[in-house]
Amino acid sequence: MSDRSQQVRGARFSVFLSIWLFAVWLFLFHQITWLTVLSGIVVSVAVQAVFPLPRSGFFKRVRPWPTLVLIARFLWDMMLSAIMVATVVLTGRAYRCSIVKVDLRSDRDIVLAIVAAMTNLVPGTVVVSLDQENSNLYLHVFDIDAQGGPEGINEMTRGQEERVIRALGTREEIEQVMGS
């Protein structure tokens, strides 16, 4: 049996994904009518039937409080970084950019992907490379001095990784992060 057919057989309908697809559908139409509600339900189910996702089990462990902390801190980091970048641009202050290597503790693909995506979304940092084998991120950092140098970037990114693991990781991963 091929890998693809095993993935499809292990696929499932996700309530979270159904709600997400349904919400996107409603946002696309800017109104709530019986037709948009019914068609949104049909489309969310049809998308999952036609494009099934394999079971990952990763999002079964969502912890509400750590997830709220993760989102709040992420939004705070975005706001502070946006203000910092805007200040440099508007004042014309001299700045220095740098490439920084960040050693992450997790070796799980999904954790690395989430940390990389969240880091990319914060203004002033761009993921240049992800070394999956060694769990390293290479970041291009705007105004490195204002962000505490390489140590500050490492601390910020590893803190983000810790919050992701606390919100979505296994008990073993949480213990590993707490121990290091």
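In which helix is the place of Ala167? I looked this up first in the predicted model, and I found Ala167 in helix α6.

**Entry on Ala167.** I next asked whether Ala167 is buried or exposed. Its relative accessibility is 0%, so I recorded Ala167 as buried, the cut-off being under 20%. I then listed its contacts, leaving aside residues up to four places away in sequence: Ala167 touches Arg61, Val62, Arg63, Pro66, Thr67 and Leu70. For Arg63 I also noted the separation of the C-alpha atoms, which is 5.1 Å from Ala167, although the two residues are 104 residues apart along the chain.

**Entry on α4.** Thr67 and Leu70 led me to helix α4, where both are buried. This helix covers residues 64–91, 28 residues in number. From first C-alpha to last it reaches 40 Å, close to the 40 Å expected at 1.5 Å a residue. I noted Phe74, Asp77, Ser81, Met84 and Val88 as further buried residues of α4. An α-helix has 3.6 residues a turn, so residues three or four places apart point the same way. What do the buried residues of α4 pack against? I found α5 (109–121) and α6 (149–168). Just after α4, I recorded a positive phi of about 75° at Gly92.

**Entry on α6 and α7.** I turned to the packing of α6 with helix α7, residues 171–179. Their axes lie 8 Å apart, at an angle of about 150°. The two helices are therefore roughly antiparallel, and α6 passes α7 in a left-handed crossing. From α6, Glu162, Ile165 and Arg166 meet Glu173, Ile174, Val177 and Met178 of α7. I sorted the residues of this contact into 4 nonpolar, 3 charged and no polar.

Terms used:
Residues are numbered from 1 along each chain as its sequence is written. This is a predicted model: local features need pLDDT of at least 70, side-chain atom pairs count only at pLDDT 80 or more; totals for chains, interfaces and linings use all residues. Side-chain values use heavy atoms; hydrogens and water are left out. Helices (H or I, at least four residues) and strands (E, at least two) are DSSP runs, numbered from the N terminus. The expected span of a helix is 1.5 Å times one less than its number of residues. Buried means under 20% relative accessible area, exposed over 50%, partly exposed in between (1.4 Å probe, protein chains only). Contact means heavy atoms within 4.5 Å. Axes are lines fitted to C-alpha atoms, for helices over the stretch in contact, and angles run from 0 to 180 degrees between N-to-C directions. Angles under 35 degrees count as roughly parallel, over 145 as roughly antiparallel, 65 to 115 as roughly perpendicular and the rest as oblique. A crossing is left-handed if the near helix is turned anticlockwise from the far one by less than a right angle, and right-handed if clockwise. Ala, Val, Leu, Ile, Met, Phe, Trp, Tyr, Cys and Pro count as nonpolar, Asp, Glu, Lys and Arg as charged, and the others, Gly among them, as polar.
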